[in-house]
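Please look through the structure shown here and follow how some of its helices and aromatic rings meet.

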Amino acid sequence: MIKPKVGRVFLATCVGSFFILILYFQNISRSASEQISGQNSFPVKSGRSPLQTLQENDQLEKSAVQATLQGRRELLEETCQTHTHKRRVLGPEDLRHLIVDDKHKLLYCYVPKVACTNWKRVMMVLTGEGRYREPLAIPANVAHVAGNLRSLSEYSTAEINKRLRTYLKFVFVREPFERLVSAYRNKFTRSYNTAFHKRYGTKIIRRHRADPQAEALEKGNDVSFEEFVYYLVDPQTQREEPFNEHWERVHSLCHPCLIRYDVVGKYETLAQDSRYILKLADAEGEVKFPATSKSTRTTGDMAAKFFDNISPFYQKKLFNLYRMDFLLFNYSVPAYLKLR
């Protein structure tokens with residue numbers, strides 16, 4: 001198939017609760033409907049979709065979980081209206097974190113360090129047509145192979161719009177600085193993450209360490225949290241390239257002010273929120289969300305210790321960098337910060 005050349009991409013309008021993306025193509029060899037014909041090789045489950053079930057449940061007397069999730073959704077919408085004044089273009093790159101399950105009509109925006117490995121495993125079971133049955137039997141590295149799950153960015157414009165309008169869209173979030181410390185611990189303090197040490201550690205040391213040793217410049221395997229913070233708040237960092245997804249802000253990965261998420265799950269209530277989503281999808285009999293180990297989890301107390309050596313000046317700069325995630329998802333300013 002000849003790939004169409006893209007002329008212009010822009011955000012056209014807002015209809016109901018979703019945004020329409022319009023792409024003008026030149027030299028289209030086949031119509032959108034013809035391009036899509038081979039994309040759904042399995043039947044969609046019969047009965048109500050998860051989104052319809054959610055909307056119907058909202059009209060009934062709500063459980064505590066439903067009320068909590070509705071409150072998060074409403075707060076997110078209010079915060080977006082208050083703090084977002086410019087509507088920008090959504091392109092294919094903006095949609096690559098949205099994983100599609102056509103069988104159950106789900107769209108999941110994955111956020112690294114927020115149980116995304118287990119959610120990807122669950123999505124592989126749901127979309128695998130029987131190839132996978134137990135999430136934890138899927139190795140973590142296999143769950144992160146791009147080709148094992150479909151991204152919304154792979155679909156035609158018409159199919160993107162259709163899914164944004166009719167599928168249940170969900171995202172899981174986490175207290176921003178706990179997530180950040182978790183990313184630092186995983187990527188810079190584990191000996192096996194040599195790719196991150198080479199890719200980012202050497203750059204951080206070269207730029208933010210006075211008189212670095214030759215070995216540190218070569219290996220990049222002893223980056224301190226303080227140096228990592230300097231790297232994040234350095235304006236040069238984002239001028240050079242976007243943040244890595246492991247420390248990129250959730251609002252930049254999943255665009256919650258442009259894509260209306262139906263369920264905002266939280267890491268702090270991971271088990272109950274995950275069960276609720278699977279129940280909406282009528283998938284409880286197919287897969288159970290894996291129980292997570294708490295032994296190595298980054299907690300608020302642990303995060304506080306990492307900030308002991310960060311000066312109030314850099315604490316404030318870092319908080320301003322992640323401020324929108326705190327606001328959008330209703331996380332309080334950590335008590336350990338010295339912002340005044």
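## How H7 crosses H10

In this predicted model, helix H7 passes helix H10 in a right-handed crossing. Two packed helices are described by the angle between their axes and the distance between the axes. For H7, which covers residues 176-188, and H10, which covers residues 225-233, the angle is about 115° and the axes lie 11 Å apart. That angle makes H7 roughly perpendicular to H10.

Which residues in H7 and H10 meet? From H7 come Leu 180, Val 181, Tyr 184 and Phe 188, and from H10 they are met by Phe 225, Phe 228 and Leu 232. When the residues of this contact of H7 with H10 are sorted by class, seven are nonpolar, while no polar and no charged residues take part.

## How H3 packs with H13

A second pair of helices consists of H3, residues 64-83, and H13, residues 270-280, which pack at an angle of about 95° with their axes 11 Å apart. Here too the angle has a plain reading, since it makes H3 roughly perpendicular to H13.

On the H3 side, the contact is made by Val 65, Gln 66, Leu 69 and Arg 72, and these residues meet Gln 272, Asp 273 and Tyr 276 on the H13 side. The residues of the contact of H3 with H13 divide by class into three nonpolar, two polar and two charged.

## Aromatic pairs

How many aromatic pairs does the structure hold? There are 26 of them, and one is formed by Tyr 230 and Tyr 314, whose rings are 4.7 Å apart from centre to centre, with 55° between the planes, so that the pair counts as tilted, a class that lies between stacked, under 30 degrees, and edge-to-face, over 60. Because Tyr 230 lies in helix H10 and Tyr 314 in helix H15, which covers residues 312-328, the pair ties together parts that are 84 residues apart in sequence. Tyr 230 is partly exposed, with a relative accessible area of 23%, and Tyr 314 is partly exposed as well, with a relative accessible area of 25%.

Another aromatic pair, formed by Phe 319 and Phe 326, is also tilted, with 4.9 Å from centre to centre and 45° between the planes. Are these two rings buried or exposed? Phe 319 has a relative accessible area of 11% and is therefore buried, because buried means under 20% relative accessible area. Phe 326, at 3% relative accessibility, counts as buried too.

Technical notes: Residues are numbered from 1 along each chain as its sequence is written. This is a predicted model: local features need pLDDT of at least 70, side-chain atom pairs count only at pLDDT 80 or more; totals for chains, interfaces and linings use all residues. Side-chain values use heavy atoms; hydrogens and water are left out. Axes are lines fitted to C-alpha atoms, for helices over the stretch in contact, and angles run from 0 to 180 degrees between N-to-C directions. Helices (H or I, at least four residues) and strands (E, at least two) are DSSP runs, numbered from the N terminus. Angles under 35 degrees count as roughly parallel, over 145 as roughly antiparallel, 65 to 115 as roughly perpendicular and the rest as oblique. A crossing is left-handed if the near helix is turned anticlockwise from the far one by less than a right angle, and right-handed if clockwise. Contact means heavy atoms within 4.5 Å. Ala, Val, Leu, Ile, Met, Phe, Trp, Tyr, Cys and Pro count as nonpolar, Asp, Glu, Lys and Arg as charged, and the others, Gly among them, as polar. Rings of Phe, Tyr and Trp (its six-membered ring) pair if their centres lie within 6.5 Å; planes under 30 degrees apart count as stacked, over 60 as edge-to-face and the rest as tilted. Buried means under 20% relative accessible area, exposed over 50%, partly exposed in between (1.4 Å probe, protein chains only).
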